[in-house]
Amino acid sequence: MDIFKKKLVSFIKAVIKEKKNIDISDEESEKLIKNPPDVSFGDYSLASYYLARYGFKGKPEDIAEEIFNFFEPSFADMEELFDKIEIKGAYVNFFVNKEKFASFVVRDVTDSGGDYGRGAPQKPLKVIIDFSSPNIAKPFGVGHLRSTVIGMSLSKIYEFCGHNAIKINYLGDFGTQFGKLITAFCRYGDIDFSEFEKDPVKILYGLYVRIHKDEQADATVEEEAKNRFKTLEDFISVNKRSFEEYLGGVNSVVNNINGKNIENGSGVEADSACASGNTKLSGENKNFFCGTPEGQYNLWKLFRKLSIDEFKRIYESIGIEFDAYEGEAYSAEFSKDIKEILLKSGIAEISEGAVIVNVKGVKAPALIAKSDGTSLYLSRDIVTAVSRMAKYNFDKMIYVVGSEQALHFSQLFGIFGKLKENIQKIEDNPNFKNYASIIDGRLVHVKFGRIIGMSTRKGNLVFLEDYIEEARLKAQEKLEERLKILEDNLSAEINDAAKKLNEGMEGIRATTENVEKQSLIHEGKNERTESENKQIYLTSLKVGIGAVIFNDLKTRRTTDVNFNWDNVLSFEGQTGPYLQYTVSRINSLLKRLSANEKDLKNAAQSFSFSKSDADFDDIFLIAKQIYGFKTALHSAVEQNEPSVLSSFALDLASHFNKYYQNYRLIGKAQEYVEPRFFMLSSVRTVLIRILNLLCVPVLERM
RNA sequence: GCGUUCAUAGCUCAGUUGGAUAGAGCAACAGCCUUCUAAGCUGUGGGUCGCAGGUUCGAAUCCUGCUGGACGCACCA
């Protein structure tokens, strides 16, 4: 809490104590302080109707007056921090000392450097964030992007707030669909294996599409796929440990490890390693792959490995990373144990041959296992949650999954509620009981809306890479335009200077300066050098990625977004590139202002603002905006909502751009420039921090 | 049919958890580059907060009903 608010808190406590003889906590008192909607109402306000709960009775206006009369005599005590107190209707409004406030905020940011806003809770939470989770065998489409960036951003936000975030990618690598994929591979003889190695995901997707089409006409496809999946699941389940045994083992590992406790060799990673080697894909090996359970298992593992490699490449290109890759298959091994435990304890029952759980508050029965005995993803999710509890001992687990799966998660969460209630009915499984009973209440479904109307220009699924490339091209186009204008202006300047050359020294100086500048930019249609081209490519790529990612994070998660190419490819207004541009603008300005760094270092100790300066009101507004960063972070975490930060950043950027437009700093006196230098640098610090938290690339220059 | 969820300016969205005069950005129109990056800034127009009730000092926000859309609802994930 800042010194201004602290003062108010103590005053509010005092007035309640004095008038009603009630002691309230600092937190309670702080909650009574609101931010007025307009500067003309001051900087903090106390709405009298909130005091009704402490026994203040009567018309709100009268209460406000009562409070005001209490404050006024002791105003001298506040004078150092506040300019005035005003009564307006039902509100008592407080006006801070603007000079002090602005200096306070800017100094706060300057002192904490890049860490401004970083949290350090007394008890950091261990939070698992399960996101992205693409389905293997399908290419990484734009649909996956939303989960990916929301999850990644939340992880960063939690980390920045001092919590411990564990990022898990839970791959959809199991289920009947893989039976289909294997069926496709085995049925179609015309697969080009060299093509396969080049772009495996594309080939797999081709198989996927083809088999789904054939399935419509040929009923044997589905049957074969089901059988092959059963073979796969049976093969995995043979000779395995029991879930109980597994949980016991995890437990002993966990006790020795603090912090993140990432088990790198687990699950997918380890399995995919043994998939290579003797399992070369070729025509001759086809009998092995299609004819034996072991071959089929290897084939599936190979599909999975190839897909994961591809995903990793894509993640890397947009700056996404995970602490662990897990797969559903890993849990499939234990889904039969779950089924038995739940049935034996009476939590689950058999209905129409399938295993179901009836969950409180959810009408639809939760299906745990199919009548042919194979597992469903709900049972695998139960296994996964329990395993993770054993492994990580999490305080909270967030599933970043689309809202169309809301029912699934309410069933999953409901099952853990039921498990907790009926835990004593479970026999013989102490480890399972131990972990399963404490999960209830720690699971959160962070859902998000669909992206509607997203299709390629020809009308199909959009691949993420094509999407980004489209944005990049647009960014490059824009960049080229700007360079052209720059070049044109330059040659105009040079012509101008040449004219002046006849008029004396002034012209000579101008000409030499311009020749220097010109060497940086190619004039006219000359070929650019390779490094210039590379620079242009990288810049436009970052802008493109920024535009695409920010587009997914700027609106509240839950609303469906109407996709519109023109909106995404417009880089003006409330967009990622606008923020990137703002940062690079500040960069450029600060660079020009910081010619004398030594002076600035000295000034950092003792700068201050004067309200007699023409730009002071705007400086104060910027300081206020910066100050709101901590509140924004807080509500972003509370709501698991990155868009809070997006809106905040847009506001801040807009404040800066207005200031930039209205006041010039170059050429002003050093003591005028110094405090503003730190103010602008504070804006930049916060903007860059938010861009980082939102996974939007930051550019030095644009 | 049942359930979840949404409806705010022509379009895309905010709206400090029930508070002061409902705000931005696009698009339209009118301006601003000899002066720190015009991916910027300024101004104008644009609203029955889906409709109807209710709750109270006070409702875009809460409750009920209606209309309209999206999603989900037994062996897919």
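Q: In this predicted model, how far apart, N to O, are the side chains of Asp 130 and Arg 388 in their salt bridge?
A: Let's start with where the partners sit: Asp 130 is in strand β5 (residues 126–130) and Arg 388 is in helix α17. They are 258 residues apart, so the pair links distant parts of the chain. Their side chains nevertheless meet in a salt bridge, with an N to O distance of 2.9 Å.

Q: Are Asp 130 and Arg 388 buried or exposed?
A: The cut-off to keep in mind is that buried means under 20% relative accessible area. Both partners of this salt bridge fall into one class. Asp 130 and Arg 388 are each buried.

Q: Which residues are linked with Asp 130 in a network of salt bridges?
A: The Asp 130 and Arg 388 pair does not stand alone, as these two belong to a network of salt bridges. A search of the whole structure finds 32 salt bridges. The residues linked with Asp 130 in this network are Glu 326, Arg 388 and Lys 391.

Q: Which helices hold Glu 215 and Lys 180?
A: The side chains of Glu 215 and Lys 180 meet in a salt bridge, at 3.2 Å from N to O. The two lie in separate helices, so their pairing ties together parts that are 35 residues apart in sequence. Glu 215 is in α9 (residues 200–217), and Lys 180 is in α7.

Q: Why does Lys 180 count as buried?
A: A residue is buried when its relative accessible area is under 20%. Its partner Glu 215 counts as buried because its relative accessibility is 16%. Lys 180 also counts as buried, because its relative accessibility is 15%.

Q: Why does Lys 344 count as exposed?
A: Lys 344 forms a salt bridge with Asp 428, with 3.8 Å between the closest N and O atoms. Asp 428 lies in the loop between α18 (406–421) and α19 (430–436), while Lys 344 is in helix α16 (residues 335–344), 84 residues away. Exposed means over 50% relative accessible area, and Asp 428 counts as exposed at 61%. Lys 344 counts as exposed because its relative accessibility is 63%.

Q: Which element gives the most residues to the surface near RNA strand B?
A: Several elements supply at least two residues each to this surface, including β4 (91–96), α7 (176–187), α20 (464–501) and α28 (643–662). The residues of the surface divide into 27 nonpolar, 21 polar and 18 charged. With seven residues, the element that gives the most is α24.

Q: Which residues come nearest to RNA strand B?
A: There are 66 residues around the RNA strand. On the RNA side, 59% of the atoms within 4 Å of the protein belong to sugar or phosphate, and the rest to bases. The nearest residues are Tyr 91, Lys 370, Arg 482, Tyr 581 and Tyr 663.

Q: What is the distance between a base nitrogen of RNA strand B and a polar backbone atom of Tyr 660?
A: Bases and phosphates of the RNA both offer atoms to look at here. A phosphate oxygen is 2.9 Å from an N or O atom in the side chain of Tyr 578. A base oxygen is 2.5 Å from a polar backbone atom of Ser 371. For the base nitrogen and the polar backbone atom of Tyr 660, the distance is 2.4 Å.

Q: How many residues does the largest nonpolar core have?
A: The residues with the most contacts inside this core are Tyr 44, Phe 82, Phe 94, Phe 185, Tyr 467 and Leu 645. Helix α29 (residues 670–693) supplies the largest share of the core, twelve residues. Apart from it lies another core of 46 residues, with Val 355 and Met 389 among them. The largest core has 156 residues.

Q: Which residues does Arg 241 touch, not counting those up to four places away in sequence?
A: Arg 241 is in the loop between α10 (219–237) and α11 (243–254). It counts as partly exposed because its relative accessibility is 36%. Its C-alpha atom is 72 Å from that of Glu 86. The residues that Arg 241 touches are Tyr 246, Glu 333 and Phe 334.

Notes. Residues numbered from 1 in each chain as written. Chains lettered and ligands numbered in written order. Predicted model: local features only at pLDDT ≥ 70, side-chain atom pairs only at ≥ 80, totals over all residues. Heavy atoms only, no water. Helix = DSSP H or I, 4+ residues; strand = E, 2+ residues; numbered from the N terminus. Buried < 20%, exposed > 50% of the residue type's maximum accessible area, 1.4 Å probe, protein only. Contact = heavy atoms within 4.5 Å. Near = heavy atom within 4 Å. Polar contact = N/O pair within 3.5 Å; in protein donor to acceptor, adjacent residues only side chain to side chain. Nonpolar A, V, L, I, M, F, W, Y, C, P; charged D, E, K, R; others polar. Core = buried A, V, L, I, M, F, W, Y, C linked by side-chain atoms within 4.5 Å. Salt bridge = Lys/Arg side-chain N within 4 Å of Asp/Glu carboxyl O.
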